Structures are given as C-alpha cells and as structure tokens.
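Got the viewer open? Let's take a short walk through this one, stop by stop.

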Amino acid sequence: MTARAVVTGIGVVAPSGVGAEAHWATVLAGIRRTGPITLFDPERYPTRVAGEVAGFDPAGFSDTRQRVQTDRWTHLGFAATKLALADAGLPEVSPDPYKWAVTLASSSGGNLFGQRELQRLWGGPSRTVGAYQSIAWFYAASVGQLSIRHQFKGPSGVTVSESAGGLDSLAHAVRTIRRGTPVVIAGATECPLSPYALACQLRSGLLSDVSDPERAYRPFDVSASGYVPAEGGAVFVVEELGHALARGARVYGEITGWAATHDAAPTDPLTGPEPAHYARALRLALERAGVRPHDVDVIWPDALGVPAHDRAEAAALRAVFGDRTPPVTTQKPLTGRAHQGGSALDAATALLAFRRGMLPASAGPDEPAPGCELTFLRQPRPPRSRIALVGARGFDGFNSALVLRGAAPPPAGER
C-alpha cells in the first residue's frame, strides 16, 4: 500500500506570534500585526511597512555558536523546528538519524547577515568579511544547520520556487515518506527585511507604498496597492501514518494531494499571469487527492494584493469551481507576505482550524475589486468536510496547490 503522510507537529514563528497557540489567537481575533519596519531604517524607501516577528529572541532556541554562524532567517527556522518537534512529542535529536530528513523551502537566503558583511567589506577599514559569510547567506543554510543540530541525516533538500516553495516542501516530504523515510521536517521561514532585500523586491513593482498599515496590504480589494513583505513562517513534522500511530502521536491532518505547474511565459504587468496554469495545478491537486471540487470546505489563496494578479487568481478559482467558489479565507493582510514562509503559514492555519473546529474569517476584502468577487468567509464557522485547498503562486511563474484533510477534531476540552 502507498504510505500515507500526516502532520503531527506545527511550529509557527511569524508576525502573528511565536508558537501555534499565539498564531491561532491572532488569526481568530483578526488582529493586524503589520507595522513600521524596525530591523533597519526604511526612511529612504517607498515601502516602509512590513510584518516582523516582534520581540523575537533567538537565544531561547539556539546556542551562541549557531547564532553567530547564521542569519535571522535561520534563527527563525531553529525556533520553528524546535517548536514543531516539541508539539509532535519528538526528541530534539533524532534517535535514528538516517530515518529522519529535512526539506525546507528557501527564496532569498540570509539577507541581514550578507548586508552586514558586505557593508563591512566596502565601508569599513578592514575590507574583510567574516568567515561565515560563505555559508550564512546560502539558500540551503537553514536545512544544513538543522540537519547538523538535530541529526536529520535522511534524504534532505531545499525547494526554491518563491512563495510556492512552502507548499512544494510539504509535497516533497510526502514523496520522501513514500520512499521509506518515516519522519520529515518540512515548511519554510523567511526574512526579506534588509536594505538590499527590500531594494530587490521594489524592483518588481509589486510592493505597496501605502504608509498606513491598516490600508497597505488589501488582497482582492478595490484599494489593493501591492503586497507588504514579512518575515517568519511555519515548520511541520510530517510522519508516515503507521509510525505516528505506533507512538500514539496526535494527528492534525493528512496531505492527500498536491501539484505544481509553471506559467512558462513572462507575466504581463497589466493583465497579470495567465490563470490557466494555476487552475491546472488546483485541478491536479484535487484529482490526486480524490476530491471533487464541491467537497472542498475552504480555500486559502495566494492573495498577492496586486490588482492584476488578484484578478488572475480569482479567474483560476472560478475556472475550477465555477462562479460560486467554496469559502475563501486569507490572513496575509494580518501578517504580510512572507514569501515561501507565507504559504507554509497558510497550511499551518488550515490544520489548526480543523483541530480547533473553526474556520477563521478572511481578513478582507472590504469591497471586492471587479473580477475578484469570490465567496469570502465573512464570519468564523465550523468546518464541514474538513478538506482545505491551499494555493500559492511564486514569482517567475511557479504555481503550487496542496490538499489537506483535517483529522476528526477531539472533544472541545482537548483542543
């Protein structure tokens, strides 16, 4: 029989909070956590609002040597992984290293570390960089460091497909489990908040330049003006079902279907990406999960907040579901868009919603833009089929979709 992959641990480190409980409380209350950038002085930049993990102290999750060698993006990964392992009831160091693996998504790498070292190279008297510059910025740094720290020596890797990567990492975890590895750490964190990283994002023309955090990031809304960058994300413990049941693990849900496609053509800035390839990814994920469109309980969209992209995403959803889609919900306006960490965070929110027995209301839009008239979830409600479809679109044409089936919720007192 084909091995089944379930999620048994969730670690969240995001603007919405450190830990799954803090994140869920923010989501359910609809509290916006975006605000002025504080990791550096953004005064000279048109975008000055972001989602930061307020008060994050990496010292609680890694030792001094690890912190010196790595970037904040990896510090966030250390924290999310430690939280996920604890949530799953697993030890921090694998007792059987070659049966545990790690596959995370990455996008921009160690920006803050690289910024500091390059400024020292070109602006300081020593004209040198630190010894760890060669590894701290590297897109695979988090996977490598986690593999060393936790003794994950099974088949490991990195998915690189921008925002779509958070979902791709979970799909890759399922494939790894089906090939015989019983425990895989998956998900993503990100920290795209440095002068260099912000300049790179501004080059795309997709960032919001609205200075009011309450108005800056409004996907599918008539006042949508672009996205707000964010750091953080979510990490998961994905296990083979038999392995999880044998040790009496709590199961959040099962990853039952996934798909990835590519636009294969440049995006028209006026009309947005072609919706057909994204729609194909959504359909394939549903087909592979054995789920009919009308059985889907809820959709978490990419929700970029750029008008042309929002219209294209809405068109893709209508192509799959018809004019009346299942309820659509997004919490990205509360946290900002954390690239690959954001899609991983959407998957975490979906699984937590099923565990808690409540689908969270969408954080907007207040007034859907023409072409974006989807069935937005306006009030929290209990799930029905416990089937979620999570979609993500990465820059440069990446499309991914993931189907999650939530486990039966426990009694109210055990949630």
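Start by selecting Ser108, Gly109, Gly110, Asn111, Gly114, Gln115, Leu118, Gln119, Gln133, Trp137 and Tyr196: together they line the second largest pocket. Bear in mind as you look around that this is a predicted model. The pocket you've just lit up has a volume of about 170 Å³. Now colour helix 4, residues 111-123, which gives the most to this lining, with 5 residues. Which classes of residue do you find in the lining of the second largest pocket? Colour by type and you'll get 8 polar and 3 nonpolar residues, with no charged ones.

Next, hop over to the largest pocket, at about 560 Å³. Its lining takes in 30 residues, and to get your bearings, pick Ser204, Leu206, Tyr227, Phe395 and Asp396, the closest to the pocket's centre. Then show helix 8 (195-202), helix 12 (307-321), strand 11 (387-394) and strand 12 (398-406), the elements that each give two or more residues to the lining. Helix 8 gives the most, with 4 residues. Colouring the lining of the largest pocket by class splits it into 11 nonpolar, 11 polar and 8 charged residues.

Last stop: a helix pair. Select helix 7 (residues 165-178) and helix 14 (residues 340-356), whose axes come within 6 Å and cross at roughly 60°. The two helices are therefore oblique to each other. Turn on side chains for Gly165, Gly166, Leu167 and Leu170 of helix 7, plus Gln340, Ser343, Ala344 and Ala347 of helix 14, and you have the contact in view. By class, the contact is made up of 4 nonpolar and 4 polar residues, with no charged ones.

Definitions and conventions
Residues numbered from 1 in each chain as written. Predicted model: local features only at pLDDT ≥ 70, side-chain atom pairs only at ≥ 80, totals over all residues. Heavy atoms only, no water. 1 Å grid on protein atoms, 1.4 Å probe; cavity = no way out; pocket = protein on both sides within 12 Å on 5 of 7 lines; lining within 4 Å. Points joined across faces, edges and corners; volume = space filled by probe spheres on them. Nonpolar A, V, L, I, M, F, W, Y, C, P; charged D, E, K, R; others polar. Axes fitted to C-alpha atoms, helices over the stretch in contact; angles between N-to-C directions. Parallel < 35°, antiparallel > 145°, perpendicular 65-115°, else oblique. Contact = heavy atoms within 4.5 Å.
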